[in-house]
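Q: I am new to this structure and would like to be taken through it. Could we begin with how the chains meet?

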Amino acid sequence: MAEFDLSWKTKTAFVTTGIFIGMLVTIQIKSSIPTSSYLYDEMEVQQQLIKSYLDDQALLKSKIVSLRQRIDENQAKLSESKNNGSLEVLQSLKADVGLDVSRGSGVEITLNDGAKAQRANETELGNYLVNAADLRDLINLLRTTKARAIAINGQRIITSSPISSVGNTILVNNFHLLPPFNITAIGDSTVMMQILNDSTSLPDLYKRAKNKQILLEYKAEENMTAPVYNGDLRLKYIKQTIKTNP
Amino acid sequence: MKKRELSLLVTSILAGILIFMQGKAFSGVDQAARRESRTDIFREIQILKNTNDNLDDEVKELEDKFSKMSNQGNALQVVADEIEKYRLLNGQVSIMGPGIRLTIDGDLKAIWLTDIANELFSAGAEAVSINGIRITESNAGFDTIPNGQIMINSVIIKSPYDIEAIGERKTLADALSQPQGIIQRMKENLRDVSTNLLQKDLVSMEKVI
């Protein structure tokens with residue numbers, strides 16, 4: 001016991017250290033549950049709200065597809081009972097705006113984040129992530145080849161389809177999409193492959209793919225399907241110009 | 001080393017470990033908070049809300065059409081209405097409506113025009129044209145020819161670029177001119193580019209030839 005006969009200075013040092021350690025342990029235990037903080041509560045509520053909107057969106061989109069299909073079926077019956085050329089015109093117009101399931105040959109492109117990428121981490125360098133701009137540039141390139149139909153991960157792309165990013169989330173037709181991004185383009189596969197093989201078409205994207213920062217693969221395919229557009233097509237502001245005779 | 005000194009050393013190491021762990025715990029909070037910045041998440045929520053409102057309206061419109069289909073007379077009217085609508089969308093007829101005009105003077109690459117069109121459609125534009133050429137399914141790609149000029153629908157377009165859009169004009173204008181919006185980003189990236197954004201009561205677009 002003689003060994004523990006400490007001076008008052010040593011005792012004070014031990015007590016202070018003990019209190020300090022106790023405080024640190026307490027703070028550590030508390031801060032290890034960040035979900036209890038206001039900031040995390042708020043973030044959780046926001047994430048729940050987003051999830052709820054996305055669930056609603058999926059439901060509304062499936063309703064839209066189902067209703068359009070039922071209207072199509074009724075119009076087909078109408079066409080059988082009444083020989084009306086306007087129904088053929090309507091089908092052709094619908095196909096032009098992406099309201100049909102498009103089938104045929106074309107190219108399949110896969111674009112994925114780099115192996116080192118962590119999409120959830122905002123500090124991650126953008127070079128290792130597939131950005132919305134990469135998708136926009138590829139879609140633009142495919143459009144210049146007069147692609148008949150384009151889809152990304154099952155989302156049919158039409159003229160007015162926005163492809164945007166919010167933080168590191170990519171929204172296509174305002175719908176959340178996660179990598180890998182599979183782009184289906186139906187059209188002249190020879191022309192498409194030719195333009196995709198030209199590294200000057202999208203120099204930045206090709207450079208990143210060459211440096212293995214992102215993954216870019218493409219191949220010609222024979223039997224591909226692009227789904228029907230499942231978003232809204234409402235016109236609130238556009239009116240046809242009425243031309244008056246001079 | 002005496003036992004007392006050893007105890008002090010162990011205590012100090014323990015304290016050091018705890019201090020380090022504490023520091024890491026705080027930096028983790030900081031990083032997670034940065035990951036979901038308020039501006040981004042609020043924008044995302046707004047986009048999703050507007051999208052769902054539009055989808056909901058579309059469902060109501062389709063339900064109305066479907067119920068009309070039970071009567072043959074009404075069904076033919078539905079067909080006629082749809083033809084008219086898709087002709088407006090396809091660019092088969094000349095159109096007009098409220099909107100905006102953005103004039104850009106300076107050298108641009110095709111990617112900027114792609115991004116501006118995307119931004120406008122994202123903000124709810126129903127039609128967009130560039131230098132009088134309406135963007136539709138048949139001509140939606142901006143091609144860059146070998147000398148760097150931009151071509152759309154086999155027509156070379158040059159500066160100044162007049163970009164017009166039909167839709168809710170304040171929403172469209174705000175989307176373009178917001179802080180860190182496309183106009184600001186473009187000016188930060190390109191030298192000698194000037195822009196002029198106008199909200200207009202009437203924007204007209206010719207049919208696509």
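A: Certainly. In this predicted model, 68 residues of chain A are in contact with 75 residues of chain B.

Q: Which elements of chain B supply at least two residues each of the side that touches chain A?
A: These are the helices α1 (3-35), α2 (38-68), α3 (72-90) and α4, together with the strand β1 (95-105), of chain B.

Q: And where does the largest share of that side of chain B come from?
A: It comes from α2(B), which provides 21 residues.

Q: How do the residues on that side divide into nonpolar, polar and charged?
A: On the side of chain B that touches chain A, 36 are nonpolar, 16 are polar and 23 are charged.

Q: Let us turn to helices. At roughly what angle do α4 of chain A and α4 of chain B cross?
A: The axes of α4(A), residues 132-144, and α4(B), residues 110-122, cross at roughly 105° and come within 10 Å. Because angles of 65 to 115 degrees count as roughly perpendicular, α4(A) is roughly perpendicular to α4(B).

Q: Which residues meet there?
A: From α4(A), Arg136(A), Asp137(A) and Asn140(A) meet Ile111(B), Thr114(B), Asp115(B) and Asn118(B) of α4(B). The residues of this contact comprise one nonpolar, three polar and three charged.

Q: Do strands also join the chains, and if so, which strand of chain A pairs with β1(B)?
A: Strand β9 of chain A, residues 239-240, pairs with β1(B) in the antiparallel sense, over two bridges. Within β1(B), Met96(B) is the bridge partner of Lys239(A).

Q: Now chain A by itself: how many helices and strands has it?
A: Chain A has six helices and nine strands. Of its 246 residues, 32% are buried.

Q: What is the order of strands in its open sheet of five?
A: The order is β3-β2-β7-β1-β8 in chain A, and the pairing is antiparallel. The edge strands of chain A are β3 (155-157) and β8 (215-226), each of which pairs on one side only. Neighbouring strands of the sheet are turned by 25° against each other on average, direction ignored.

Q: How many bridges join β1 to β8 in chain A?
A: Ten bridges join β1(A), residues 102-112, to β8(A), and the two run antiparallel. Arg103(A), for instance, stands opposite Thr225(A) in β8(A).

Q: Finally, which strands does helix α5 of chain A lie across?
A: Helix α5(A), residues 189-197, lies across β1, β7 (181-186) and β8 of chain A, and runs at about 20° to β1(A).

Definitions and conventions. Residues are numbered from 1 along each chain as its sequence is written. Chains are lettered from A and ligands numbered from 1 in the order in which they are written. This is a predicted model: local features need pLDDT of at least 70, side-chain atom pairs count only at pLDDT 80 or more; totals for chains, interfaces and linings use all residues. Axes are lines fitted to C-alpha atoms, for helices over the stretch in contact, and angles run from 0 to 180 degrees between N-to-C directions. Helices (H or I, at least four residues) and strands (E, at least two) are DSSP runs, numbered from the N terminus. Angles under 35 degrees count as roughly parallel, over 145 as roughly antiparallel, 65 to 115 as roughly perpendicular and the rest as oblique. Two residues are in contact if their C-beta atoms, placed from the backbone, lie within 7 Å. Ala, Val, Leu, Ile, Met, Phe, Trp, Tyr, Cys and Pro count as nonpolar, Asp, Glu, Lys and Arg as charged, and the others, Gly among them, as polar. A residue is buried if 20 or more other C-beta atoms lie within 10 Å of its own, exposed if 12 or fewer, and partly exposed in between; C-beta atoms are placed from the backbone. Two strands pair if DSSP finds at least two bridges between them.
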